[in-house]
Amino acid sequence: MSGERFEREFSEMMALIERHGSVLVTGHIDPDGDCIGSMFAIALMLEAMGKKVMCYAPGEISELFLKLPGASMLAGRDDASEFKHDLVITVDSPNTERTEHFARPCEDEDVINIDHHPTNEMFGCVNVVDSDAAATTVLVYRFFRSAAPGMITTDIADCLYLGILMDTGGFRFQNVDSEALLIASELIGLGARAYEIAHEYIYVKKYSTLKLLGLVLDSLRLHFDGRAATMEVTAGMLEKTGTTLKDSEGFVDYGAALDDVELVALFRETAPGEIRVSLRSRNHHDVSALAERFGGGGHVRAAGLTLETDLASARETIVRGFGEMLG
Ligand code: 5GP
Ligand code: MN
């Protein structure tokens, strides 16, 4: 397997960790399961090594993640700002902006960069970046296997499994490969609770979340003869169902489930005049290129951006972009 590819980086990474006593582990704004799983797995290892460790990712964190092993090391913004550390490890973040500069480039501090985004800016003193990896947790697992074998506890296995499961959409997306499945299998062998994690993080939804989904599905529109789809989450929908934006995580995939759809956008009203856009592509169309045009980014088949405008004009902008892509 390709684990050997980062052998030098993994030993440099371990050497840096061994040299330092306190470590800030950080990830991207509004962290997803892959980001959280990577942060907590690394933090649990550092804790077992006797390091002082704190985890922080800006934005909103789903309360479901607070039940994970490692969550006790998750800090609020103020504590993370004041935390005296001599090493930063970033996960799942293509640049330091996505961590809201809680990580800084190698010129400014010792930083290890672990990520699978193709747009990664290689800002670390050590860069473990592989856009072929299905998830950042895959890369964290490779690190463990290479430099810290025997340190994967059941708790760490849970965190890594969660990341692989969620970044592959429950082993459904195009990024599923033999390595992801092989690692998932090894993690179950190490005690990861595959059923419980799938149940809790993918399958089970609150009543209010399903009601919100109903409203969002009702907003579904087709464009270009059904080759593109758009949906929206308005502040009114959240209010009506008693939900928050976090509850709409994963809704964009319902658009991608449509027959014949090639491109999908979900628009979420995050504040008056601010729209978060999630983009998905079912085939070769590169939605990260469209996202980058507006200061966002991501992967070929999953990307995001923020537009400072209202819902109607955000939809107009993105649908126009979709039209150019579909030709
Ligand atoms: P989501 O639609 O689930 O929020 O994001 C899909 C993918 O795009 C994720 O891999 C995420 O990291 C990336 N992404 C989302 N928003 C942004 C953004 O504003 N900037 C960058 N660079 N990547 C983003
Ligand atoms: Mn990821």
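Biologist: Let's start with Phe224: why does Phe224 count as partly exposed?

Modeller: Phe224 has 16 C-beta neighbours inside 10 Å. A buried residue needs 20 or more and an exposed one has 12 or fewer, so a value of 16 falls in between and Phe224 is partly exposed. Do keep in mind that this is a predicted model.

Biologist: Where does Phe224 lie, and what is its phi?

Modeller: Phe224 belongs to the loop that joins strand S6 (221-223) to strand S7 (228-233). Its phi is near 50 degrees, which is positive even though the residue is not a glycine.

Biologist: What can you say about the phi of Glu100?

Modeller: Glu100 is not a glycine either, and its phi is positive, about 50 degrees. This residue sits in the loop between S3 and S4. With 17 other C-beta atoms within 10 Å, Glu100 is under the 20 needed for buried and over the 12 allowed for exposed, so it is partly exposed.

Biologist: Glu97 interests me too. Where does Glu97 lie, and what makes it buried, exposed or partly exposed?

Modeller: The loop between strand S3 (87-91) and strand S4 (111-115) holds Glu97. Its count is 14 C-beta neighbours inside 10 Å; exposed would require 12 or fewer, so Glu97 is partly exposed. Along the chain, Glu97 and His28 are 69 residues apart, while their C-alpha atoms are separated by 8.5 Å.

Biologist: And why is Asp32 called buried?

Modeller: Asp32 has 21 C-beta neighbours inside 10 Å, and the cut-off is 20 or more, so Asp32 counts as buried. You will find Asp32 in the loop between S1 and H2. Its C-alpha atom is separated by 8.2 Å from that of Gly163, which is 131 residues away along the chain.

Biologist: What places His20 in its exposure class, and which residues does His20 touch?

Modeller: His20 has 16 C-beta neighbours inside 10 Å, which is in between the limits of 12 and 20, so His20 is partly exposed. The loop between helix H1 (7-19) and strand S1 (22-27) contains His20. Leaving out residues up to four places away in sequence, His20 touches Asp86, Leu87 and Asp110. Ala133, by contrast, is 113 residues from His20 in sequence and 28 Å from it in space, C-alpha to C-alpha.

Biologist: Let's turn to the core. Which residues have the most contacts inside the largest nonpolar core?

Modeller: They are Met39, Ile42, Leu160, Tyr161 and Ile164, in a core of 65 residues. Helix H2 (residues 33-48) supplies the largest share of this core, with 10 residues. Apart from neighbours within four places in sequence, Met39 is in contact with Val25, Gly27, Cys55, Ala57 and Val91. There is also a second, separate core of 27 residues, which includes Leu212, Val264, Leu305 and Ala314. As background, nonpolar side chains tend to be buried together in soluble globular proteins.

Biologist: How do you know that the protein chain is as compact as a globular protein of that length?

Modeller: Its secondary structure first: the chain has 12 helices and 11 strands. The radius of gyration is 19 Å and the globule rule gives 20 Å for 327 residues; the two values are close, so the chain is as compact as a globular protein of that length. The C-alpha trace spans about 55 × 40 × 40 Å along its principal axes, and buried residues make up 46% of the 327 residues.

Biologist: How is the chain divided, and how far apart do the C-alpha centres of the domains lie?

Modeller: The division is into domain 1 (2-202) and domain 2 (207-326), with C-alpha centres 27 Å apart. Eight residues from domain 1 and nine residues from domain 2 take part in the contact. On the domain 1 side, the classes are two nonpolar, five polar and one charged.

Biologist: Finally, which residues come nearest to ligand 1, and which element gives the most to its shell?

Modeller: Among 13 residues around ligand 1, the nearest are Ser278, Gly296, Gly297, Gly298 and Gly304. Strand S10 (297-298) and strand S11 (302-307) each give two or more residues to the shell, and S11 gives the most, with five. By class, the shell has four nonpolar, eight polar and one charged residues. Both domain 1 and domain 2 contribute, with at least three residues each.

Definitions and conventions
Residues are numbered from 1 along each chain as its sequence is written. Chains are lettered from A and ligands numbered from 1 in the order in which they are written. This is a predicted model: local features need pLDDT of at least 70, side-chain atom pairs count only at pLDDT 80 or more; totals for chains, interfaces and linings use all residues. A nonpolar core is a set of buried Ala, Val, Leu, Ile, Met, Phe, Trp, Tyr and Cys residues joined through C-beta atoms within 7 Å. Helices (H or I, at least four residues) and strands (E, at least two) are DSSP runs, numbered from the N terminus. Two residues are in contact if their C-beta atoms, placed from the backbone, lie within 7 Å. A residue is near a molecule or strand if its C-beta atom, placed from the backbone, lies within 6 Å of it. Ala, Val, Leu, Ile, Met, Phe, Trp, Tyr, Cys and Pro count as nonpolar, Asp, Glu, Lys and Arg as charged, and the others, Gly among them, as polar. Domain bounds come from an automatic or database domain assignment. The radius of gyration is taken over C-alpha atoms; the globule rule is 2.2 Å times the number of residues to the power 0.38.
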